[in-house]
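Q: I would like a close look at one part of this model: the charged side chains, and how they pair or stay unpaired. Please set them in the context of the whole chain. Short sentences are fine.

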Amino acid sequence: MNKKITRQLGDIDKTEAKLKALQKHLEDLQASLKADEDQEIIRSIRGLNLSGWGLAEMLEGIKDGTVKFVKDETAVQAKEQKKKTEKGTDSDDSVPEEQVPELAPESEEYQNEN
């Protein structure tokens, strides 16, 4: 058989073997991620310290959509500020609105180009 064809067939076999190994690795990573997410959910639910019936009612409410989760922006901001303080970057990178300069209006020359 032609050497070039033989080499190409060998390369195909090697590539298919690598693909199978990478696919297995991807599946393992996805399974690990799901397990970690499940554990985080369990820790969060247990952290609510609900009684048996209270927990059952809350879980049922989540299933049927009567329990809604609302993001508390002030709590999120407080957590971000705490992280900045812990990292030693206590300064706020944003510029207060009163210090933001107003943009210059476009010149008539550029407005007429459209």
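A: What follows starts with the whole chain, goes through the charged side chains, and ends with the surroundings.

The model is predicted. The chain has 4 helices and 0 strands. From the N terminus on, the order is α-α-α-α. The chain has 114 residues, and 2% of them are buried. It exposes about 11,200 Å². Carbon and sulfur atoms supply 55% of that area.

Now the pairs. Side chains of opposite charge can pair when their charged atoms come close. The cut-off used here is a side-chain nitrogen of Lys or Arg within 4 Å of a carboxyl oxygen of Asp or Glu. By this rule there are 3 salt bridges.

Take lysine 24 and aspartate 28. They form a salt bridge, and their closest N and O atoms are 2.9 Å apart. That distance passes because the cut-off is 4 Å. Both residues sit in helix α1, 4 residues apart, so about one helical turn separates them. An α-helix has 3.6 residues a turn, so residues three or four places apart point the same way. How accessible are the two partners? Lysine 24 has a relative accessible area of 48% and is partly exposed. Aspartate 28 is also partly exposed, at 39%.

Next come lysine 34 and aspartate 38. Here the closest N and O atoms of the salt bridge are 3.2 Å apart. Helix α1 holds both residues, 4 apart, or about one turn of the helix. Aspartate 38 has 32% relative accessibility. It counts as partly exposed because that value lies between the 20% and 50% limits.

The remaining pair is arginine 43 with glutamate 40. This salt bridge has its closest N and O atoms 3.1 Å apart. The spacing in helix α1 is 3 residues, again about one helical turn. Glutamate 40 is partly exposed, at 42% relative accessibility.

Then there are charges outside these pairs. Lys79, Lys82, Lys83 and Lys87 form a positive surface patch. A patch takes only residues with over 30% relative accessible area and no salt bridge, so these four lysines are unpaired by that rule. Where does lysine 83 lie? It is in helix α3, which covers residues 73–87. Is lysine 83 buried or exposed? It is exposed, with a relative accessible area of 54%. That label applies because the value is over 50%.

Helix α3 has a regular length. Its 15 residues should span 21 Å at 1.5 Å a residue. The end C-alpha atoms are 21 Å apart, so the two values agree. Just after α3 comes glycine 88, with a positive phi of about 85 degrees.

Back to α1 for its nonpolar side. Met1, Ile5, Leu9 and Ile12 make a nonpolar surface patch of about 430 Å². Leucine 9, one of these, is in helix α1. Its relative accessible area is 45%, so it is partly exposed.

What comes after α1? A loop runs between α1 (3–46) and α2 (52–64), and asparagine 49 is in it. Asparagine 49 is not a glycine, yet it has a positive phi of about 55 degrees. It is exposed, at 67% relative accessibility.

Helix α2 follows that loop. It has 13 residues and reaches 18 Å from its first C-alpha to its last. That is close to the 18 Å expected at 1.5 Å a residue. Methionine 58 is in this helix. Is methionine 58 buried or exposed? At 15% relative accessibility, it is buried. The label holds because the value is under 20%. Methionine 58 and isoleucine 45 are 13 residues apart in sequence. Their C-alpha atoms are 9.6 Å apart. Just after α2, glycine 65 takes a positive phi of about 85 degrees.

To pull the charges together: the count is 3 salt bridges. Lysine 24 pairs with aspartate 28, lysine 34 with aspartate 38, and arginine 43 with glutamate 40. The positive patch, by contrast, is made by Lys79, Lys82, Lys83 and Lys87.

Technical notes
Residues are numbered from 1 along each chain as its sequence is written. This is a predicted model: local features need pLDDT of at least 70, side-chain atom pairs count only at pLDDT 80 or more; totals for chains, interfaces and linings use all residues. Side-chain values use heavy atoms; hydrogens and water are left out. Patches are made of residues with over 30% relative accessible area and no salt bridge: like charges are joined within 9 Å, nonpolar side chains (Val, Leu, Ile, Met, Phe, Trp, Tyr) within 5 Å. Accessible areas come from the Shrake-Rupley method with a 1.4 Å probe; for residues, only the protein chains shown count as cover. Lys and Arg count as positive and Asp and Glu as negative; His and the chain ends are not counted. The place of a charge is taken as NZ of Lys, CZ of Arg, CG of Asp or CD of Glu. Helices (H or I, at least four residues) and strands (E, at least two) are DSSP runs, numbered from the N terminus. Buried means under 20% relative accessible area, exposed over 50%, partly exposed in between (1.4 Å probe, protein chains only). The expected span of a helix is 1.5 Å times one less than its number of residues.
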